[in-house]
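Let's walk through this structure together, one local feature at a time. Keep the viewer open and follow along.

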Amino acid sequence: MTISKELPHLKLVGEFEDAREALTSISKLNPDLVFLDMEMPGMSGLDFLKELDDSSLEVIVTTGYEQYAINALKMSVVDYLLKPIDKEELIKAVNRVEKKLQSKKELDRYKTLVYNMKTEKSQNHKLGLTQQDAVIFVEVKDIIRCEASSNYTFVVVTGNKKIMVTKTLRQFEEILLPYGFIRVHRSHLVNPEHVIKLNKSEGLQIEMSDGVLVDVSSSQKNAFLEQFLKL
């Protein structure tokens, strides 16, 4: 029985027989879940757990000895499977992990909401950018601009990161206008804190801190200058 066959929706990012190699690779691969065999050459599963430096990682241990499983549970692994592994028990264990991970995401969203409600409406607030399989949290002050792409929006943040989010630019406008963002074009919403220069030679262009030149549409020009020059 293979995990990929029984649970095809899971993405297998690595398999390791060497415990040291696994510890090194986990920090790079950043998986949500690890299946850990308690009987490994060179290092026991319990020693592996002690060295695993990631409290957010979910672990399901596999073992032929129930006592090993009980000891592992004391170290906060999410579940255990006794060998030979039963298909139904495997599916149940993974379902429990998925529910726990979903609860974590909801808790993160809730914490962000509470944080924003308790503090003044400033660009220090965090914003959750929802993607297909993750939510990326960024501070509003780090958002340079938002660029429309059909029914998606590319959110450009400091560090040359471009995050595609399944929201329209109109939706981002409603969220970010209270933070001082300005709609300068039908395809661009900008953070005035990241405007480097205004260029009036041909129409009106603004240079952003990521080096990109953004056109200000003629219909938005007067409103932009009025709002921006107040800052």
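A residue counts as buried when its relative accessible area is under 20%, as exposed when that area is over 50%, and as partly exposed in between. Please keep in mind that you are looking at a predicted model.

With those cut-offs in hand, start at H194. You will find H194 in the loop between strand 10 (188–190) and strand 11 (195–199). Its relative accessible area is 10%, so H194 is buried. What does the side chain of H194 make a polar contact with? The partner is the side chain of S209, at 2.8 Å.

Next, turn to the loop that joins helix 1 (3–6) and helix 2 (19–29), where F16 is located. F16 has a relative accessible area of 33%, so this residue falls in the partly exposed class. Which residues make a nonpolar surface patch with F16? They are V13 and L29, and the patch made by these three residues covers about 230 Å². A patch residue needs over 30% relative accessible area, and F16 has 33%.

Now for some backbone geometry. The peptide bond leading from K83 to P84 is cis, and its omega is near -5 degrees. As for where this happens, P84 belongs to the loop between strand 3 (79–82) and helix 5 (87–118).

Two other loops hold residues with a positive phi. S150 is not a glycine, yet its phi is positive, at about 60 degrees. S150 sits in the loop between strand 6 (143–149) and strand 7 (152–157). Is S150 buried or exposed? Its relative accessibility is 69%, so S150 counts as exposed.

If you move on to the loop between strand 7 and strand 8 (161–165), you will meet N160. N160 also has a positive phi of about 60 degrees without being a glycine. With a relative accessibility of 70%, N160 counts as exposed too.

Finally, let's look at the aromatic rings. How many aromatic pairs are there, if ring centres of Phe, Tyr and Trp must lie within 6.5 Å to pair? The count is zero. There is, however, a ring with a charge over it: the charged end of K162 is placed over the ring of F154, 5.1 Å from the ring centre. A charge sits over a ring in this sense if NZ of Lys or CZ of Arg is within 6 Å of the ring centre and within 35 degrees of the ring normal.

Key:
Residues are numbered from 1 along each chain as its sequence is written. This is a predicted model: local features need pLDDT of at least 70, side-chain atom pairs count only at pLDDT 80 or more; totals for chains, interfaces and linings use all residues. Side-chain values use heavy atoms; hydrogens and water are left out. Patches are made of residues with over 30% relative accessible area and no salt bridge: like charges are joined within 9 Å, nonpolar side chains (Val, Leu, Ile, Met, Phe, Trp, Tyr) within 5 Å. Accessible areas come from the Shrake-Rupley method with a 1.4 Å probe; for residues, only the protein chains shown count as cover. A salt bridge is a side-chain nitrogen of Lys or Arg within 4 Å of a carboxyl oxygen of Asp or Glu. Helices (H or I, at least four residues) and strands (E, at least two) are DSSP runs, numbered from the N terminus. Buried means under 20% relative accessible area, exposed over 50%, partly exposed in between (1.4 Å probe, protein chains only). Rings of Phe, Tyr and Trp (its six-membered ring) pair if their centres lie within 6.5 Å; planes under 30 degrees apart count as stacked, over 60 as edge-to-face and the rest as tilted. A polar contact is a pair of N or O atoms within 3.5 Å; within protein, one must be able to donate a hydrogen and the other to accept it, and residues adjacent in sequence count only if both atoms are side-chain atoms.
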